[in-house]
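Trainee: Could you take me through one part of this model slowly, residue by residue? I would like to see how the pieces around it fit together.

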Amino acid sequence: MAEKGKLSKTAKASMALNDTQHHLTQRVCAKCGERINTKDMFPVKVANKGMIYYHKDHYSN
Ligand SMILES: [Zn+2]
């Protein structure tokens with residue numbers, strides 16, 4: 001029984017790994033100030049500032 005519990009934990013861990021594209025990053029959108037999901041991140045290199053980050057949707061608007 002205990003082993004079955006371990007198996008399901010392992011399955012959850014591998015699902016989490018497959019889901020990395022949807023994880024929030026520490027980057028904050030320069031327009032709205034919210035943290036950005038990996039899949040929504042749009043990095044922009046700005047002179048004198050270095051890299052800043054937007055949500056893809058917010059950069060285009
Ligand atoms: Zn944003």
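Mentor: Let's start with Val44, whose bridge partner in S4 is Ile52. Val44 itself sits in strand S3; strands here are DSSP runs of E with at least two residues, helices are runs of H or I with at least four, and both are numbered from the N terminus. Before we go on, please keep in mind that this is a predicted model, in which local features need pLDDT of at least 70 and side-chain atom pairs count only at pLDDT 80 or more, while totals for chains, interfaces and linings use all residues. Residue numbers run from 1 along each chain as its sequence is written.

Now look at what surrounds Val44. Setting aside residues up to four places away in sequence, Val44 touches Ile52, Tyr54 and Tyr59; a contact means that the C-beta atoms of two residues, placed from the backbone, lie within 7 Å. Tyr59 is 15 residues from Val44 in sequence, and their C-alpha atoms are 9.1 Å apart in space. Val44 counts as exposed because it has 11 C-beta neighbours inside 10 Å. The scale is this: a residue is buried if 20 or more other C-beta atoms lie within 10 Å of its own, exposed if 12 or fewer, and partly exposed in between, with C-beta atoms placed from the backbone.

The rest of the strand fits that picture. S3 is hardly covered, as zero of its six residues are buried. Its link to S4 consists of six bridges, and the two strands run antiparallel; strands are said to pair if DSSP finds at least two bridges between them. A second bridge pair you can look up is Val46 with Gly50 in S4. As a reminder for reading such a pairing, in a regular strand the side chains alternate between the two faces of the sheet.

Follow the chain onward and you reach the turn. S3 and S4 form a hairpin with three residues between them. Asn48 lies in this loop, between strand S3 (41–46) and strand S4 (50–55). Its phi is near 75°, a positive value in a residue other than glycine. Asn48 is exposed, because it has 4 other C-beta atoms within 10 Å.

Next, use Ile52 as a signpost to the other hairpin. The C-alpha atoms of Ile52 and Ala30 are separated by 6.7 Å, although these residues are 22 apart along the chain. Ala30 belongs to the loop between strand S1 (24–28) and strand S2 (35–37). Leaving aside neighbours within four places in sequence, Ala30 is in contact with Ile52, Tyr53 and Tyr54. With 17 other C-beta atoms within 10 Å, Ala30 is partly exposed.

That loop closes the hairpin of S1 and S2, which has six residues between its strands, and Gly33 in the turn has a positive phi of about 80°. Two bridges join S1 to S2, and these strands run antiparallel. One of the pairs is Val28 with Arg35 in S2. S1 lies largely in the open, because the number buried among its five residues is zero.

Arg35, found in strand S2, is worth a stop of its own. Beyond four places in sequence, Arg35 is in contact with Leu24, Thr25, Arg27 and Val28. Its 15 C-beta neighbours inside 10 Å make Arg35 partly exposed. The C-alpha atoms of Arg35 and His55 are separated by 8.7 Å, with their positions 20 residues apart along the chain.

Finally, step back to the whole protein. There are two helices and four strands, and along the sequence they follow the pattern α-β-β-β-β-α. Buried residues make up 10% of the 61 residues. Among contacts between residues at least 6 apart in sequence, 18% join residues at least 24 apart.
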